[in-house]
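Please find below a colleague's note, set out as numbered points. It is meant to be read beside the sequence and the structure.

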Amino acid sequence: MKFPSIQKLANDAFYTFKRFPIALIFSLLALVLVLESIHEIYFIDQKSTFKLILICNYGMVLFFATSLLKERLSWVNSKKIILDICCLILLLIIALAAHFSDENIRFYNRLSVGWIAVHLLCSFLPFFIHGSYSGFWQYNRTLFFRILETQLYTLILIGGLDLALFSVDQLFPIEINYKAYLWVASIVGILFSSWFFMAGMPKNSLELDQRTDYPKGLLVFTQYVLLPLITIYLTILYVYGGKILVSMDLPKGMVSYLVIAFSVTGVLSLLLIEPIKNEENNTWIHGFSKWFYIAILPLVVLLFVAIGYRVSEYGMTENRYYILLTACWLAGMSFYFIFSKSKNIKIIPISLFIVSILSVFGPWSAFSVSENSQLMTFEKLLAKNNITGKIHSPIKIPHKEEVRISSIVNYFDNRGKSNVFEKFITVPSDSFFTQKYNYNRASDIMSLLGLSMKYNENDSTKSDYISLYNQNQNVYNVLNCNELLIINWYRNYSSDSIITEKLNSNYSYCFNEKKREIYITKNKVNDTLNLYVFFAKIIAKKKETDTELSQEELFYETQKYKIFVKQMSITNNKIESMDLMIGVKK
């Protein structure tokens, strides 16, 4: 086999760029932003850089799909330009929405669903207006195999080049910075993979309408591996359904995911065998395609029962919303393919795309429906237990209901929507709901309701959350020290490593939360303050009483230092944050 020349590779790469110019420009922009992040040189802030990388990914996929559409329809330049401008305006709207959105669970859910939707768009857009049944299948077959091929080439190339760098680093007196490995992974994984993938797309999609070939390897895999496995799982789920009917037990929550996984895999299998399902020598495949949608209807009913119980018991969440939505979609597809005469497989990606878009916008979206459901459940629980938010002492309610209220408070706080509780409690400050990084806000809301944060129904401890606070302004006089060190420590949730922080020009410190030790350094001389017994003592004291601890109880003295606890937050016996004043004796 003749090895292709550099000139031919360059010509092919240039031709691919001519076909997909804007898509590849977005790929290049994404690469630049990733390399910028690797070197921690941000032209804009880090969070905005991350959001722009996601927008570039959206843009690359969107313009890839529209480029194929323009090729297929042979539009005049004016129509092409109008379509490109519309796509750029859409991306600008998405970018602005992302820029002004807080990075919480709701933000990432919306981005994830949008990412799925834009990839679904690629599967049908070039054939949306017109195109043969066979051409649509051949196009998606090409997409599927090209994705697999691109992933294989990309992984091998990254592994090979990184191994080459490692060999140079080990065999020669050349130090290879770890960032070089990230450069290789970024360039190959972003720019090369997208270029290579697009280069393999058919140059004339109209020719796909005439193709009728079917890969023999795919036939063997589908007929002798995939379909038998699906049949085994179908049998297991039917036996489980029979067990439920006999025992009259409610289905387990996990069955929802099993039914969805089985059904989606079955639908994809039917798409793979679509062109050959009616051939005379494929009796087994024909029977499977004929009865599959009838066979999954009882499982869809099981899915409705399982998720319906969870929703009635615990309210709607985004996760349950999408399970319920998937159940509705599966039911719709089953009835369509059972009763429809056309049985057009285009309906599968098109309906999924529409459902995905509708699920993230409007009052029917996953977020609006879930939030309304959770808030309604919260109000019912408060009314049932006569909780007004105006409390002077802890309130005793059934443990299960306290867990349920804790779950709802966490739900809203994780989505940046804790201000919905403003009408239920008296907040300690105007900034209580607007502080971005208040990790204890959910526990504080529970305390203001007269309750304790509970994480699961088996957790029967008196309190998961403890807050120590002293507002005494005369602490400076009590410490009476030569130098005063102020320590504001917060748990690092992204890493368990112990980080050294500078206090002033002379002092630095680090805190070992497990040992409850503070290491103070001055001019390379280290002092260790073991506060384990002291902290355990004040935490135990706080658990015994609901009043604030006295100044004397929050004070501790060693031979060299005087320590005063100004504020401390503890969850599940782990210190989340603390403010200490440490006086260095004269």
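1. The sheet. In this predicted model, four strands make up an open sheet, arranged in the order β3-β4-β5-β6 with antiparallel pairing. Its edges are β3 (501–502) and β6 (525–530), each of which pairs on one side only.

2. Pairing of β5 with β6. These two strands run antiparallel and are joined by six bridges. For a reader who wishes to follow the register on screen, Ile-518 may serve as a reference, since its bridge partner in β6 is Leu-529.

3. The loop leading into β5. Arg-516 is located in the loop between β4 (507–512) and β5 (517–522). Its phi is near 55°, a positive value in a residue other than glycine. Most residues other than glycine have a negative phi. Is Arg-516 buried or exposed? With a relative accessible area of 7%, Arg-516 is buried, because the cut-off for a buried residue is under 20%.

4. A second positive phi. Lys-343 also has a positive phi in a residue other than glycine, with a value near 50°. This residue belongs to the loop between α11 (318–339) and α12 (347–358). Lys-343 has a relative accessible area of 26% and is therefore partly exposed. The two residues should be described separately in any text: Arg-516 is buried, whereas Lys-343 is partly exposed.

5. Cysteines. How many disulfides does the structure hold? The number is zero. In the case of Cys-87, the closest cysteine sulfur is that of Cys-86, and the separation of 6.9 Å is too far for a bond, because a disulfide requires the two sulfur atoms to be within 2.5 Å. Cys-87 is buried, its relative accessible area being 8%. Cys-510 is likewise buried, at a relative accessible area of 12%.

6. A nonpolar surface patch. Which residues form the nonpolar patch on the surface? They are Val-220, Phe-221, Tyr-224, Val-225, Leu-229, Ile-232, Tyr-233 and Ile-236. Together these residues have about 790 Å² of accessible area. One of them, Tyr-233, is found in helix α8, which covers residues 216–247.

7. Points to retain. The sheet is open and antiparallel, with β3 and β6 at its edges. Positive phi values occur at Lys-343 and at Arg-516. The structure holds zero disulfides, and a nonpolar patch that includes Tyr-233 is present on the surface.

Conventions:
Residues numbered from 1 in each chain as written. Predicted model: local features only at pLDDT ≥ 70, side-chain atom pairs only at ≥ 80, totals over all residues. Heavy atoms only, no water. Buried < 20%, exposed > 50% of the residue type's maximum accessible area, 1.4 Å probe, protein only. Patch = residues over 30% accessible without salt bridge, like charges linked within 9 Å, V, L, I, M, F, W, Y side chains within 5 Å. Areas by Shrake-Rupley, 256 points an atom, 1.4 Å probe, with all protein chains shown as cover. Salt bridge = Lys/Arg side-chain N within 4 Å of Asp/Glu carboxyl O. Pairing = 2+ DSSP bridges.
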